[in-house]
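Hi,

Here is the structure I promised to send over. Have a look at it first, and then read on for what turned up.

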Amino acid sequence: MTSYRLPQGGLIDRSKPLSFAFDGKPMLGFEGDSLASALLANGCRLVGRSFKYHRPRGILTAGAAEPNALMTIGRGARTEPNIRATMQELHAGLEARSQNRWPSLAFDIGALNGLLSPFLGAGFYYKTFMWPAAFWEKVYEPFIRRAAGLGKATHEADPDSYDKRWAHCDLLVIGAGPAGLAAALTAARAGARIIVADEQAMAGGTLLSETATIGGEPAPAFARQCIAELQSLPNVTMLTRTTVFGWYDGNVFGAVERVQKHVAEPVSSVPVERLWRIIAKGAILASGAEERPLVFGGNDIPGVMMAGAMRSYLNRHAVAPGRSTAIFTTNDSGYALARNLEEKGIDVTAIIDPRENGGETYTGKARLLRNAMVTDAHGGKSLSAIDIRTGNGTERLKVDALAMSGGFSPIIHLACHRGGKPVWSDETSAFLPPAGLQGLEPAGAACGLIDLAACLADGAQRGADLAVSLGFAATPATFGAIAGDASATPAKVLWSTPGARGKAFVDYQNDVHSKDLGLAVKEGYGHVELAKRYTTSGMATDQGKLSNLNAIGLLAEARGVSPAEVGTTTFRPFYTPVSFGALSGASHGRHFQPVRRSPLHGWAERHGAVFVETGLWYRSAWFPRQGEQGWRESVDREVLNVRSNAGICDVSMLGKIEICGPDAAELLNRVYCNAFLKLPVGKARYGLMLREDGMIYDDGTTNRIAENRFFMTTTTAHAAGVLNHLEFCAQTLWPELDVRLASVTDQWAQMAIAGPKSRKILQTIIDEDIGNEAFPYLCARDVSLFGGALQGRLFRISFSGELAYELAVPAAFGDDVAEALMEAGRTDGLMPYGVEALSVLRIEKGHVTHNEINGTVVPTDLGFGRMASTAKPDFIGKAMLQREGLTAADRPRLVGVVPLDPGHSFRSGAHILAKHAAATLENDQGYVTSSAFSPHIGSTIGLALVKRGNERHGEEVTIWNGLRDEFTAARLCAPIFFDPANERLHG
Amino acid sequence: MADIRSLPALADRRPLTSPQVTLSALPEGTVLQVIAGPKTPDLTRLAGEAGLVARAIAPGQWFLVGNRPTAHQDMRRLLAMLEPDASGIDQSHGRVRMLMEGPMAAAVLSKGTAVDLDPTVFPPGTTAATLVGHVSAHLTRLDNEAFEITVLRGFAAALWDDLALMCAEYL
Amino acid sequence: MASLVPCPHCGSRPKEEFTVKGAALKRPSPEAGADAWFDYVYLRDNPRGGYEEYWHHTAGCRRWLIVDRDTATHQVTSCRDAASASAKEHGA
């Protein structure tokens with residue numbers, strides 16, 4: 001393959017050759033090359049097949065907007081599809097593969113689609129794949145997916161790490177081209193904290209491809225000097241390889257830094273990409289402008305390229321575009337390219353300019369064809385000739401490279417991310433950023449400026465203005481005289497070349513051509529948003545960066561209106577695609593969410609606990625013993641052991657809140673529906689907390705430690721919510737109350753010791769007398785342990801219905817205290833039990849949890865009707881509790897349920913029907929809220945919410961599980977299955 | 001029987017050290033949460049007498065912290081001294097403190113918190129209550145390159161592991 | 001990617017540190033009657049423009065705030081501690 005590398009020049013390091021492969025073929029490039037420039041240097045023009053027609057495609061741009069040169073990079077787990085070759089830095093060992101071709105890039109069977117093209121026009125999917133509907137999933141969709149695909153993602157796990165970081169600055173400069181550098185230098189010299197973000201590896205933007213001189217310095221050297229000065233300042237952070245992709249509320253900018261996407265083997269401890277969230281007081285949008293393609297027949301044949309891109313490859317990468325070139329331009333930028341080509345000895349056959357006067361300062365050798373247009377390009381996999389129409393007719397020119405420039409569109413995406421609409425300018429034939437943006441100031445080419453001098457001056461001025469507005473004494477930076485600058489004459493508007501015979505592409509990536517847009521208007525889809533969806537123009541991964549303005553222009557032409565009237569589609573983040581890896585950062589695997597560890601976690605682990613996730617906690621579910629067959633056997637043993645000996649259970653994850661201050665009792669009295677004002681010191685009370693709508697929110701016990709100090713427990717699920725609620729009540733409803741609230745959930749390791757032998761075991765480690773007289777039911781006091789070695793809190797409360805206590809000790813001592821209890825209780829049969837056994841024990845006693853307190857029940861529904869105080873003037877939920885619907889007689893009420901045949905079972909969630917009633921919504925009587933196997937009853941037992949359930953004890957019903965189509969004959973009963981007189985509690 | 005041992009929450013986490021950043025657990029000493037009523041007591045004096053340092057964590061709220069545990073009787077005295085203007089809540093076991101130091105400490109923490117850690121904005125001696133990654137924590141700048149991170153005991157190990165990952169590129 | 005809430009105690013913080021409760025309304029007196037309570041618990045305006053809401057700085061100072069936020073632009077025009085600022089009567 002012929003080398004197109006020029007013998008000298010460019011910003012590449014010829015002493016550092018890099019070997020890489022494209023479609024398995026070994027090639028050589030240099031450090032400083034992009035994958036695209038290296039491919040071009042190797043004479044590789046055909047780099048991909050188009051989406052729909054599988055047309056041969058070459059490299060079109062030298063930047064972020066590239067629609068054609070999408071490749072799959074890397075191998076194995078690091079395979080990455082749809083990488084723009086123009087944005088991929090070359091590195092040694094890089095492996096790139098073309099996409100959307102089979103069996104090979106040069107011979108692609110899908111290209112037959114091109115022959116079918118009359119059937120593949122706009123709206124093709126809607127019109128073709130209509131019928132029969134059943135064909136969609138099995139026939140049409142797989143066909144479309146196979147034929148019109150991008151690259152394939154790997155199924156292997158991503159081996160690399162990603163990272164997120166916040167940053168703060170006075171001024172964020174987006175884009176380090178002429179305007180950005182001028183703004184950054186201006187504000188940095190004034191002392192502002194600055195972040196400069198540029199998407200290229202080397203900052204400088206178009207200066208790197210420019211041949212003008214500034215103060216006698218070549219543009220790239222000038223850029224290097226500016227960058228060196230910025231890097232030397234402590235108040236400047238330079239982020240290269242960083243794309244600012246979005247502008248968000250609060251002047252937060254999202255940016256992605258490609259930290260290690262340019263290396264063969266990333267260092268594993270360093271992220272490959274870093275997502276920045278930059279909080280900026282102000283920002284300069286110096287994102288430059290996108291050159292527009294021209295729409296003529298065959299404008300996608302490899303060898304046709306944007307003029308600016310050709311200039312960049314030529315000057316920056318020292319790559320010749322071809323042997324004989326032509327330039328089709330509607331503005332003067334094409335002439336700068338012509339000069340550069342000729343300086344480097346490359347033949348420019350002709351410059352085709354549709355204007356009457358253009359390039360008047362051009363003195364080169366190329367034929368100047370004015371009032372002329374390229375109508376068609378010819379060639380299969382590489383350009384061979386172009387047709388030119390002039391006033392004198394048509395002429396065919398043999399060329400192997402064609403540059404095109406239809407003018408410049410400011411890159412204003414970010415300026416529109418927060419709802420601003422682009423403003424059409426007749427003067428520049430472009431959409432300009434909306435005026436009056438707060439916190440974001442577009443500068444330079446992003447405002448429609450063209451020449452270097454104007455961009456530098458504008459950047460400096462806007463940088464100074466922003467710095468001054470932030471309180472810095474800034475004056476605009478000034479630069480030396482510029483020689484060889486581009487002419488700022490505006491482009492002639494040319495949305496398409498009349499008389500083109502071949503397909504004239506508007507959206508390269510989605511294969512939308514000029515006729516598709518005409519068709520869309522003809523078929524009534526001329527609105528810009530409709531046309532976009534009907535033709536898919538602008539919907540590819542490049543989001544129409546190159547194509548949108550031409551599409552808008554064509555729609556405007558077809559509708560006979562101005563582009564201003566057509567308007568644009570909405571710009572939304574992200575400016576360019578952002579990987580899921582970068583978005584998720586480190587939040588995957590065990591870093592997906594934090595684990596909250598109980599202080600007794602280690603103790604439970606040592607005793608063989610099986611853990612279950614409960615919110616962020618890991619709770620011990622049961623403690624299997626050798627020889628037990630399945631979890632039920634373990635749970636049954638734990639349950640029976642609590643009822644016959646004693647068990648110990650970790651309840652540290654219950655919410656614990658300390659409520660202090662002179663008005664603590666008053667606050668409790670207002671947040672619980674039952675009375676708390678007169679709770680004696682040293683006593684615990686069960687409390688029900690309602691929502692303002694009258695439904696129960698949470699329950700738990702609260703005890704009074706001292707006159708002005710209470711200790712509240714909440715359910716595990718609502719621990720955080722209850723504290724938020726109490727703070728809401730204290731701070732917003734009754735700020736006049738002097739209460740002080742603190743979560744002490746993590747301060748205490750808390751264990752329940754339940755069972756007839758619990759007192760005996762506890763007494764061995766507790767110094768004070770905890771006999772029934774000295775420490776009766778609902779007693780709650782500070783206790784001393786191990787002969788004064790430790791202080792804890794003991795509560796005589798019971799969820800199991802047994803004689804039971806909860807012991808709280810400072811968390812770090814929990815592990816040792818639990819082990820000491822295990823030791824003390826060994827001869828009495830003390831065993832650990834988990835939440836499964838806890839659940840069985842509480843269902844046997846009819847104690848409710850959030851299975852029953854499910855947001856639909858009021859106190860009466862659960863048999864707590866008398867708890868809701870009528871004497872208190874106010875409490876949360878009081879006003880709404882008396883509503884008709886909440887006092888109706890046929891409300892669901894808590895009831896027990898057992899199967900008629902102990903061998904039968906049912907599950908929570910199953911519905912209850914009257915006996916023999918059909919399974920219909922109308923016949924629904926309620927549902928099972930909790931169920932478990934009770935080793936005491938010898939069958940499944942359940943709690944249920946059933947209409948008038950409290951009056952229906954003894955009634956036979958049918959339990960219907962619609963998911964499993966199961967019917968179980970059952971009987972309603974009192975919601976208490978064990979020790980109905982509660983004698984054990986007080987024993 | 002009186003020999004009852006405490007088990008630090010980060011007992012099994014070894015310090016991470018490099019010239020760029022170090023992460024270590026601080027001793028589980030004293031953390032006393034103080035919440036004031038309408039009148040604010042003289043906390044600096046009180047803390048000084050108790051050998052503790054006061055960190056303002058919210059309007060009318062402080063952590064009084066120290067590296068040594070406070071004996072039960074001393075804690076009771078301290079709580080009594082605070083009343084009635086303020087209430088003290090012993091969080092010595094409820095909170096775990098870590099120390100992150102080194103030239104990259106602020107950069108590492110900025111992976112987790114949106115607080116501006118520039119020393120001119122967040123000078124030594126200031127405390128911020130903030131999310132560090134997924135976990136709520138209190139950050140105190142001890143000096144330009146040293147931060148104390150105070151977190152709920154239950155999240156200590158998880159936050160440590162997250163911080164260790166954030167440090168990884170500088171180790 | 002981010003929204004910031006200017007906490008009067010902690011400074012500007014991302015919304016992830018906060019819990020939003022909804023309209024900042026004044027709680028009626030217990031005797032206010034069924035209609036007033038129904039309005040308070042269930043009825044909400046849905047304005048385009050300024051809207052006062054209760055936000056809790058859950059992962060920060062744990063204070064309840066009244067945030068005046070433009071529902072169309074997300075611009076926060078004021079943010080004050082709820083204890084020292086009173087909420088609006090419903091419909092006011």
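In chain B, strand S2 (residues 30-36) runs antiparallel to strand S4 (residues 61-66), and the two are joined by six bridges. If you want a spot to zoom in on, Leu32(B) sits opposite Leu64(B) in S4(B). Bear in mind throughout that this is a predicted model.

That pair belongs to an open sheet of four strands in chain B, in the order S3-S4-S2-S5, with antiparallel pairing. As a reminder, strands of a sheet pair through backbone hydrogen bonds, either parallel or antiparallel. Which strands stand at the edges? They are strand S3 (53-58) and strand S5 (86-90) of chain B; each has a single partner strand, so one side of each has no neighbour in the sheet. On average, neighbouring strands here are turned by 25 degrees against each other, ignoring direction. Helix H2 (residues 72-82) of chain B packs on this sheet and touches S2 and S5 of chain B. The direction of H2(B) makes about 155 degrees with that of S5(B).

There is a cis peptide bond just along from there. It joins Glu83(B) and Pro84(B), with omega at about 0 degrees. Pro84(B) is placed in the loop between H2 and S5 of chain B, and those are the helix that packs on the sheet and one of the strands it touches.

Now the domains. Chain B splits into domain 1 (22-27 + 94-170) and domain 2 (30-90). Taken over C-alpha atoms, the centres of the two domains of chain B are 23 Å apart. Where they meet, domain 1 of chain B gives nine residues and domain 2 of chain B gives eight. On the domain 1 side, the elements that supply two or more residues are strand S6 (95-101), strand S7 (127-132) and strand S8 (135-143) of chain B. That side of domain 1 of chain B has three nonpolar, four polar and two charged residues.

Chain B also has partners in the other chains. With chain C, the contact takes eight residues from chain B and 11 residues from chain C. S7(B) gives the most to chain B's side, with four residues. How does that side of chain B divide by class? It has six nonpolar, two polar and no charged residues. So S7(B) turns up twice: it gives residues to the side of domain 1 that touches domain 2, and also to the side of chain B that touches chain C.With chain A, 40 residues of chain A are in contact with 40 residues of chain B. On the chain A side, the elements that give two or more residues are strand S8 (162-174), strand S35 (655-660), strand S39 (740-743), strand S42 (790-795) and helix H19 (811-824) of chain A. By class, that side of chain A has 20 nonpolar, nine polar and 11 charged residues.

On to chain A itself. Its secondary structure comes to 22 helices and 50 strands. The C-alpha trace of chain A spans about 115 × 70 × 55 Å along its principal axes. The radius of gyration of chain A is 38 Å, whereas a compact globule of 987 residues would have one near 30 Å. Of those 987 residues of chain A, 56% count as buried. Taking contacts in chain A between residues at least 6 apart in sequence, 66% join residues at least 24 apart.

A few backbone details in chain A are worth a look. Most residues other than glycine have a negative phi, and most peptide bonds are trans. Pro573(A) and Phe574(A) are joined by a cis peptide bond, with omega at about 5 degrees. Phe574(A) is in the loop between helix H12 (563-566) and helix H13 (580-584) of chain A.

Two residues of chain A that are not glycine have a positive phi: Arg241(A), near 50 degrees, and Phe786(A), at about 55 degrees. Arg241(A) lies in the loop between strand S12 (236-239) and strand S13 (242-248) of chain A. Phe786(A) is in the loop between strand S41 (780-785) and S42 of chain A, and S42(A) is one of the elements on the side that touches chain B.

Are these two residues buried or partly exposed? Arg241(A) is buried, because 22 other C-beta atoms lie within 10 Å. Phe786(A) has 19 C-beta neighbours inside 10 Å and therefore counts as partly exposed; the cut-off for buried is 20 or more.

Cheers

Key
Residues are numbered from 1 along each chain as its sequence is written. Chains are lettered from A and ligands numbered from 1 in the order in which they are written. This is a predicted model: local features need pLDDT of at least 70, side-chain atom pairs count only at pLDDT 80 or more; totals for chains, interfaces and linings use all residues. Domain bounds come from an automatic or database domain assignment. Two residues are in contact if their C-beta atoms, placed from the backbone, lie within 7 Å. Ala, Val, Leu, Ile, Met, Phe, Trp, Tyr, Cys and Pro count as nonpolar, Asp, Glu, Lys and Arg as charged, and the others, Gly among them, as polar. The radius of gyration is taken over C-alpha atoms; the globule rule is 2.2 Å times the number of residues to the power 0.38. A residue is buried if 20 or more other C-beta atoms lie within 10 Å of its own, exposed if 12 or fewer, and partly exposed in between; C-beta atoms are placed from the backbone. Two strands pair if DSSP finds at least two bridges between them. Axes are lines fitted to C-alpha atoms, for helices over the stretch in contact, and angles run from 0 to 180 degrees between N-to-C directions.
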